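Q: I am new to this structure and would like to learn how to read it, one feature at a time. Could we go through it together?

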Amino acid sequence: MLELEQIIIVLAVAFAVTYAMVPVSKKIAHLIGAIDYPSNRRINNEPIPRCGGIALYCGFAAGCAAAFIGIRFFGWSGGELYTLPYINYRALFVGVTFMFTVGLVDDIMQISARTKLIGQIVAACIVAGAGVSISAVRAITGDYIELGILDFPVTVFYLVVFVNLVNLIDGLDGLAAGISAIAAVGFLILTASRGSFLLPMLCIAIIGACLAFLRFNFHPASIFMGDSGALFLGLILGIVSLLGVVRAQSMVMGLVPLIIAGVPLLDTLSAIVRRAHEHKPIGQADTGHVHHRLLRFGMSQRKAVLILYACAAGLMICGLALNGVPESFQWIIVVGLIILGSVVVWKLGFAQPVLRHYYEGKGKIGPRKPRFIAAQKVSEESAAPSEETVSQTPEEGGEQHG
């Protein structure tokens with residue numbers, strides 16, 4: 001069982017190291033030229049360094065090191081660390097570091113979306129090869145279904161999806177860091193309730209690093225986490241959710257990580273549908289993400305981020321609620337969330353371009369535009385937003401580029 005003293009130590013170490021490394025990350029970003037300069041493709045009005053992932057990586061690693069030292073030398077209740085013989089921790093570290101490096105290279109060189117995806121797949125393959133896998137899923141009947149030869153590719157796909165959930169939502173000051181911290185709180189509660197020790201420690205290290213980073217990343221941000229931070233956080237959250245929740249759980253409980261990550265999941269799915277409908281590459285940046293829509297709806301950046309925080313927290317609570325109710329009620333909650341998500345998709349106008357194309361193709365008059373669309377049109381015709389409203393690029397794939 002976790003003890004308060006252990007939680008405080010790991011949280012404090014991750015927080016302190018991240019906090020101390022942010023100024024260092026800024027200097028490194030200036031030295032290597034990883035800076036977001038104002039341009040016609042960006043809406044930040046001053047140069048912002050984008051290598052905050054360095055601070056997040058160092059803070060998380062320090063928190064994990066503190067937990068390991070506590071287990072090894074001070075008798076923390078972490079015997080679980082040595083009861084997972086199928087995990088190669090050295091290879092796991094290499095895979096996580098490789099993912100961080102892919103993001104860092106992108107922060108510096110602006111690599112193509114295809115090259116970045118290949119790098120993500122390679123990193124996920126290393127992690128899966130280290131022993132992180134789904135192995136089996138539990139069907140509605142209660143029987144376990146072994147994935148067999150599909151285990152490796154399904155695990156890699158799952159990890160890459162989680163990586164890009166964080167990467168695509170990283171578009172406003174503090175948004176990705178805050179939602180990652182909220183998701184980590186949910187995974188912390190779930191994994192700790194199952195008697196795990198190592199996985200909750202990873203969650204605590206994530207929370208500490210993200211909270212420290214928010215001190216510099218919340219609007220108005222003085223540093224962006226960049227792809228080095230977004231890809232890294234997405235992979236760690238994917239690993240924790242897979243090992244702590246998805247693996248060998250009921251079918252409904254296997255959906256909990258996706259519910260907790262509901263905000264970036266909804267945003268990602270809508271982006272895929274939107275770009276497929278417009279015959280654009282999936283990796284091409286646009287300004288149709290949920291946070292951009294909230295801004296065009298007239299909200300300030302801070303208000304939009306706080307609203308998305310509240311949505312993420314609400315989904316986290318719903319996900320946790322599934323853990324303590326009978327399975328019949330679990331399905332009711334899931335169906336309710338699907339209905340709620342559909343309403344949000346309509347109200348924010350996510351489905352409007354597809355529906356308009358359908359009606360025009362049939363020679364019919366399209367459905368009445370939601371109020372959001374009218375507000376969006378007015379906003380697009382108005383002057384560019386001021387720095388007080390938006391300080392970051394609208395593009396995806398991190399706060400600085402698509």
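A: Let us begin with two terms: a residue is buried when its relative accessible area is under 20%, exposed when it is over 50%, and partly exposed in between (1.4 Å probe, protein chains only), while helices (H or I, at least four residues) and strands (E, at least two) are DSSP runs, numbered from the N terminus. With these terms, the buried residues of helix 3 are Leu92, Gly95, Val96, Met99, Phe100, Val102, Gly103, Leu104, Asp106 and Asp107. This is a predicted model, in which local features need pLDDT of at least 70 and side-chain atom pairs count only at pLDDT 80 or more, whereas totals for chains, interfaces and linings use all residues. Residues are numbered from 1 along each chain as its sequence is written, and side-chain values use heavy atoms, with hydrogens and water left out.

Q: What average pLDDT does the protein chain have, and over which residues does pLDDT stay under 50?

A: pLDDT is the predictor's confidence in each residue, from 0 to 100; the protein chain averages 78, and 66% of the residues score at least 70. Over residues 353-402 the value stays under 50, and for that stretch the model has 124 contacts beyond four places in sequence, where contact means heavy atoms within 4.5 Å. Where pLDDT is low, the predicted coordinates should not be read in detail.

Q: How many helices and strands does the protein chain have, and what percentage of its residues is buried?

A: The protein chain has 15 helices and 4 strands, and buried residues make up 51% of its 402 residues. Among contacts between residues at least 6 apart in sequence, 76% join residues at least 24 apart.

Q: What covers the buried residues of helix 3, and what span should this helix have?

A: The cover includes helix 2, helix 4, helix 5 and helix 8. The expected span of a helix is 1.5 Å times one less than its number of residues; for the 21 residues of helix 3 (residues 89-109) this gives 30 Å, which agrees with the 30 Å between its end C-alpha atoms. Just after helix 3, Gln110 takes a positive phi of about 55°.

Q: How many residues of helix 6 are buried, and which residue takes a positive phi just after this helix?

A: Of the 19 residues of helix 6, 15 are buried, so this helix is largely enclosed by the rest of the structure. Just after helix 6, Gly195 takes a positive phi of about 85°.

Q: Is Asn164 buried or exposed, and where does this residue lie?

A: Asn164 lies in helix 5 (residues 151-169) and counts as buried because its relative accessible area is 18%. Helix 5 is largely enclosed by the rest of the structure, since 14 of its 19 residues are buried.

Q: How do helix 2 and helix 7 cross, and which residues meet there?

A: Axes are lines fitted to C-alpha atoms, for helices over the stretch in contact, and angles run from 0 to 180 degrees between N-to-C directions. The axes of helix 2 (residues 53-73) and helix 7 (residues 198-217) come within 8 Å and cross at roughly 145°. Among the residues that meet, helix 2 offers Leu56, Phe60 and Gly63, and helix 7 offers Met201, Leu202 and Ala205.
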